[in-house]
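Biologist: Can you walk me through this one? I'd like to go through it piece by piece.

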Amino acid sequence: MLESLRQHWRDQAAALPGNAGQRERALEAFLAQGLPTTAEEEWKYTSLAHLEEAHLTLPGPVDLAEAMAAVARHAVPGLEGPRLVFVNGQLIPPACHLDGLPAGLAIESLAQVLRENDTADTLDRVVDLDRYRLARLNTALFQDGARVRAARGVAGDAPVYLLFLTLGDAEALQLVQPRVLIEAAEAASVTVIEHHCGEGEAAVINAVTEIVAQPGSRVTHYRIQEQADSHAQVAGLNARLDRDAALVCHNVDLGGALVRNDVHVRLIAPGADVELNGLYFTRGTSHVDNHTRIDHLAPRTTSREDYRGVLDGRSRAVFNGKVLVAEDAQKIEAHQSNNNLLLSRECEVDTKPELEIYADDVRCSHGATVGQLDATALFYLRSRGLDEDTARGLLTFAFAEEVITRLGIAPLAERLSGTVIGHLPDSDRLREFT
Amino acid sequence: MLKIKDLHARIDGKDILKGLTLEIAAGEVHAIMGPNGAGKSTLAQVLAGREGYEIVSGSVEYFGKDLLELAPEERAREGVFLAFQYPVEIPGVNNVYLLKAALNAIRKHRGEDELDAYAFMKVVREKMKLMQMDPSFLNRGVNEGFSGGEKKRNEIMQMAVLEPKLALLDETDSGLDIDAMKIVADGVNSLRSPERAIVMVTHYQRLLDHIVPDRVHVLADGRIVKSGDRSLALELEAHGYEWLQQAVGT
């Protein structure tokens, strides 16, 4: 893998937008350290070893008609707001629309931003590169992405829809690297949906998102992953929240063969607040690993985290939720929970909360459950005449639906509810109940 | 309709029912009273088919069939209905769709045609009116965000739609204010019929002011220790359960 990446760099450096020096340094630093291995505590359960040997290629130009047809198959119906669409890392202008944006809300192609006005602070502003090395690979070789900026006091209420579609190619294992930068200036608000989905043969997706939330701003971020069963996706979400800024993140994983998500949120000033909601539904032999980390670096910062998992088949899920409370971060509040439903005997979940607290006046809680459906609820449905399989399916759906309901965007919730039901046995029958 | 003979049941190794015998005929309303922990709710749960209880000995015959052999959903389709003491919230699963599936499962079992959407909604709207339920109920998840009183009204509404042969009401009066109690009682009274038996499990006498039972039984320590007419409930109210336990020597 490593040599093929260097070759790509030589071949394509001139075509990649942005600061060539920055990209080259990122590539060399990444290659010097290599991919994370299972010898590292953070990657204990998730192996990327198969990528070491893989011959990754950067995608070439996409056929427009093919891309448009694929977009029509995957885009969430009913999201009528501003939209940027990328297929295999390339912007597809005819599928985008940015009409009627409020003044002060800018949604741009990142490649275009870098070509026109490259400043050193467009990339790697928030991400901790030593801790999350895969971001260097993205920085070195990403082709395009999105920058969403809300100016001071601007309310960007309509959700910005960023669709990243990966079409796998039988002849080459493609490395697709979405990149997103979200900046909310003081007292601004912005909502961004990152929708990662795909079809076709195997592909590797390495996504990086950075969120900068200035004082008093509000950011709502969705990372919805519906990759093909053959795709591997790693994604790093990195956010920095200033005084009284608020961030809500929804992380939903309903596809993919191998999925790893790293969320790292830093609360750097008093009053900063983050809420993380997560849902993963693993099936077959899929593997989904969620690592989250929230750093409470200032007093009176707050965090809430609720991840839920449904596991079936021989799938595997990992949840690791770390909360760090710095020495001076008094009067903080941090609550975390991770609940898992196991639908088969062969699936497995490893869940681990990690609290690292250096302050003494804090309120923290965490809880994890791994279990089966609630016996009373099951009895309730059966006592109304529903057969056991239907009752189980409905309760599994209801468990996932609690997270989906929190999404707050009806067309998106409807789409994901439909996907979840489609994953359950006897889905046609279950659809009648929703 | 229902013949319970010398029923012994336990859960987690603990004996709860210790030789309970009771017969209920169609058209009758029975109240089962008793102190906390006597086994009242266990009786209701065992009759509806809750898993986890071990039937040690005894029998339950329902229209000549062995009720204990049937799965909970089969009992429901045969006309057994349990109004839960704590109805379960199931967000994302629509109230009305659950009710429609429940009704059609029962109709199918009886060899009747499933109701179409129009006919079904007509029934539901009528019963909702009876139970004075808010129309927003139609779009909500099962018991989702309902107050305690709304959940109990919903149970009786379900019962009104499903028209069971044997209705078991488990502490249906608990958590109800006087207005809600009246609505629930009116609902239950409207369902009294010569073909239907109703069994009310309750700790307090007050529900029986509104739904007057034909028979009252006192359950203590897993057995029926005294049976009588309505006056037994009033006596209990006046003297308390201790009086009774002394009187029957348990």
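**Residues, helices and cysteines**

Modeller: Start with A:Ile182, which sits in strand β8 (residues 179–184) of chain A. Keep in mind that this is a predicted model.

Biologist: Is A:Ile182 buried or exposed?

Modeller: Buried. The relative accessible area of A:Ile182 is 0%.

Biologist: What does A:Ile182 touch, leaving out residues up to four places away in sequence?

Modeller: On that count, A:Ile182 touches A:Val148, A:Val190, A:Val192, A:Thr209, A:Glu210, A:Ile211, A:Val212, A:Val219 and A:His221.

Biologist: How far apart are A:Ile182 and A:Val219?

Modeller: In sequence, 37 residues. In space, 8.6 Å from C-alpha to C-alpha.

Biologist: Next, A:Glu226. Where does A:Glu226 lie?

Modeller: A:Glu226 belongs to strand β11 (residues 218–226) of chain A. With a relative accessible area of 11%, A:Glu226 is buried.

Biologist: A glutamate, then. What is A:Glu226 in contact with, leaving aside neighbours within four places in sequence?

Modeller: The contacts of A:Glu226 are A:His195, A:His196, A:Cys197, A:Gly198, A:Leu254, A:Gly255, A:Arg415, A:Leu416 and A:Thr419. Take A:Cys197: the C-alpha atoms of A:Glu226 and A:Cys197 are 4.5 Å apart, with the two positions 29 residues apart in sequence terms.

Biologist: Speaking of cysteines, how many disulfides does a search of the whole structure find?

Modeller: Zero, over all chains.

Biologist: Why is there no bond between A:Cys96 and A:Cys197?

Modeller: Distance. The closest cysteine sulfur to that of A:Cys96 is in A:Cys197, 14 Å away, and that is too far for a bond. A:Cys96 is also buried, at 16% relative accessible area.

Biologist: And A:Cys249? Which cysteine sulfur is nearest?

Modeller: That of A:Cys364, 19 Å away, and A:Cys249 is in no disulfide. A:Cys249 counts as buried because its relative accessibility is 0%.

Biologist: Let's do helices. Which residues are buried in helix α4 (residues 64–74) of chain A?

Modeller: A:Ala67, A:Ala70, A:Val71 and A:His74. Looking down the axis of α4(A), these buried residues fall within an arc of 105°, so they line one face of the helix.

Biologist: What's on the other side of α4(A)?

Modeller: There, A:Ala65, A:Ala72 and A:Arg73 are exposed.

Biologist: And what do the buried residues of α4(A) pack against?

Modeller: Three strands and a helix of chain A: β2 (83–87), β6 (155–168), β9 (189–200) and α9 (410–423).

Biologist: How many residues of helix α7 (residues 375–382) of chain A are buried?

Modeller: Six of eight, so α7(A) is mostly covered. The buried ones are A:Ala377, A:Leu378, A:Phe379, A:Tyr380, A:Leu381 and A:Arg382.

Biologist: Over to chain B. At what angle do the axes of helix α3 (residues 95–109) and helix α4 (residues 117–130) of chain B cross?

Modeller: Roughly 110°, and the axes come within 11 Å. That makes α3(B) and α4(B) roughly perpendicular to each other.

Biologist: Which residues make the contact?

Modeller: From α3(B), B:Val96, B:Leu99, B:Lys100 and B:Leu103. From α4(B), B:Ala117, B:Phe120, B:Met121 and B:Val124. By class, this contact has seven nonpolar, no polar and one charged residues.

Biologist: Now backbone angles. What is phi for A:Lys331?

Modeller: Positive, about 55°, although A:Lys331 is not a glycine. Most residues other than glycine have a negative phi.

Biologist: Where does A:Lys331 lie?

Modeller: In the loop between β18 and β19 (332–342) of chain A. Its relative accessibility is 55%, so A:Lys331 counts as exposed.

Biologist: What about phi of B:Asp12?

Modeller: Near 50°, again a positive value in a residue other than glycine. B:Asp12 lies in the loop between β1 (2–11) and β2 (14–24) of chain B. At 76% relative accessibility, B:Asp12 counts as exposed.

Biologist: Last one, A:Ser315. Buried or exposed?

Modeller: Buried, with 1% relative accessibility. A:Ser315 is in the loop between β17 (302–311) and β18 (316–325) of chain A.

Biologist: What does A:Ser315 touch, not counting residues up to four places away in sequence?

Modeller: A:Thr282, A:Arg283, A:Gly284, A:Thr285, A:Ser286, A:Glu346, A:Cys347 and A:Glu348.

Technical notes: Residues numbered from 1 in each chain as written. Chains lettered and ligands numbered in written order. Predicted model: local features only at pLDDT ≥ 70, side-chain atom pairs only at ≥ 80, totals over all residues. Heavy atoms only, no water. Helix = DSSP H or I, 4+ residues; strand = E, 2+ residues; numbered from the N terminus. Buried < 20%, exposed > 50% of the residue type's maximum accessible area, 1.4 Å probe, protein only. Contact = heavy atoms within 4.5 Å. Axes fitted to C-alpha atoms, helices over the stretch in contact; angles between N-to-C directions. Parallel < 35°, antiparallel > 145°, perpendicular 65-115°, else oblique. Nonpolar A, V, L, I, M, F, W, Y, C, P; charged D, E, K, R; others polar. Disulfide = S-S within 2.5 Å. Arc of directions from axis to C-beta.
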